[in-house]
Amino acid sequence: MIEMNETNQPDSIIPAQELYDTFKRDEAGATKKYGKQIITIKGYAVFVGPDVYALPSVELSEKKGGKSRILCVLPFSDYLKLRKVSKGDEVTLTGEVRGYYEKGDKVLLKQCEIVETIK
């Protein structure tokens with residue numbers, strides 16, 4: 001469960017670059033710390049649409065037009081919620097950390113929910 005403060009925002013938001021760097025630097029340590037944890041992450045959408053398994057997803061970077069660092073996969077039933085997000089938007093999502101995907105050079109989060117989108 002995500003703890004919310006008085007402004008109804010999660011108490012701790014991790015920047016996309018910070019999470020990526022943590023996994024890139026020490027994958028085993030990061031997996032121990034974040035594995036299977038529900039976290040809130042913020043970054044810029046560099047891809048919005050279906051992933052390789054046709055699931056709704058948002059890929060995040062630390063800057064607009066940057067390299068994709070985080071893959072956030074939403075439940076299949078949330079496809080319509082992708083309409084709220086456009087490439088270049090600053091997006092905050094919550095999701096379960098599943099680990100680092102070395103071949104794709106991304107950190108994977110599943111069961112994500114869109115918390116906030118800033119155009």
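1. Contact here means heavy atoms within 4.5 Å. Serine 61 touches Ala16, Gly43, Tyr44, Val46, Gly66, Lys67 and Arg69, once residues up to four places away in sequence are set aside. The model is a predicted one.

2. Serine 61 belongs to strand β3. Is serine 61 buried or exposed? Its relative accessibility is 0%, so serine 61 counts as buried, the cut-off for buried being under 20%. The side chain of serine 61 also makes a polar contact of 3.2 Å with the side chain of glutamate 62.

3. The largest nonpolar core has 24 residues. Which of its members touch the most other members? They are Leu19, Ile41, Leu60, Ile70 and Leu109. At least two residues of this core come from each of α1 (16-25), α2 (27-34), β2 (38-50), β3 (56-61), β4 (70-73), β5 (90-101) and β6 (106-118). Both helices and strands are thus named among the suppliers of the core.

4. Leucine 19 can be followed further through its contacts. With neighbours within four places in sequence left out, leucine 19 is in contact with Ile14, Tyr34, Ile39, Ile41, Ile70, Val107 and Leu109. Among these partners, Ile41, Ile70 and Leu109 are also listed with leucine 19 as core members that touch the most others.

5. Phenylalanine 23 sits in helix α1. Phenylalanine 23 counts as buried because its relative accessibility is 1%. Beyond its neighbours within four places in sequence, phenylalanine 23 is in contact with Ala30, Thr31, Tyr34, Val97, Gly99, Tyr100 and Val107. Tyr34 and Val107 are contacts of leucine 19 and of phenylalanine 23.

6. How far apart in space are phenylalanine 23 and tyrosine 44? The C-alpha to C-alpha distance is 19 Å, for a separation of 21 residues in sequence. Tyrosine 44 has already appeared, as a contact of serine 61.

7. The largest pocket has a volume of about 300 Å³. Its lining consists of Pro50, Asp51, Val52, Tyr53, Glu59, Leu71, Val73, Tyr101, Gly104, Lys106, Leu108 and Lys110. By class, seven of the lining residues are nonpolar, one is polar and four are charged.

8. Which strand gives the most to the lining of the largest pocket? That strand is β6, with three residues. β4 and β6 each supply at least two residues of the lining. These two strands also each supply at least two residues of the largest nonpolar core.

Methods. Residues numbered from 1 in each chain as written. Predicted model: local features only at pLDDT ≥ 70, side-chain atom pairs only at ≥ 80, totals over all residues. Heavy atoms only, no water. Core = buried A, V, L, I, M, F, W, Y, C linked by side-chain atoms within 4.5 Å. Buried < 20%, exposed > 50% of the residue type's maximum accessible area, 1.4 Å probe, protein only. Helix = DSSP H or I, 4+ residues; strand = E, 2+ residues; numbered from the N terminus. Polar contact = N/O pair within 3.5 Å; in protein donor to acceptor, adjacent residues only side chain to side chain. 1 Å grid on protein atoms, 1.4 Å probe; cavity = no way out; pocket = protein on both sides within 12 Å on 5 of 7 lines; lining within 4 Å. Points joined across faces, edges and corners; volume = space filled by probe spheres on them. Nonpolar A, V, L, I, M, F, W, Y, C, P; charged D, E, K, R; others polar.
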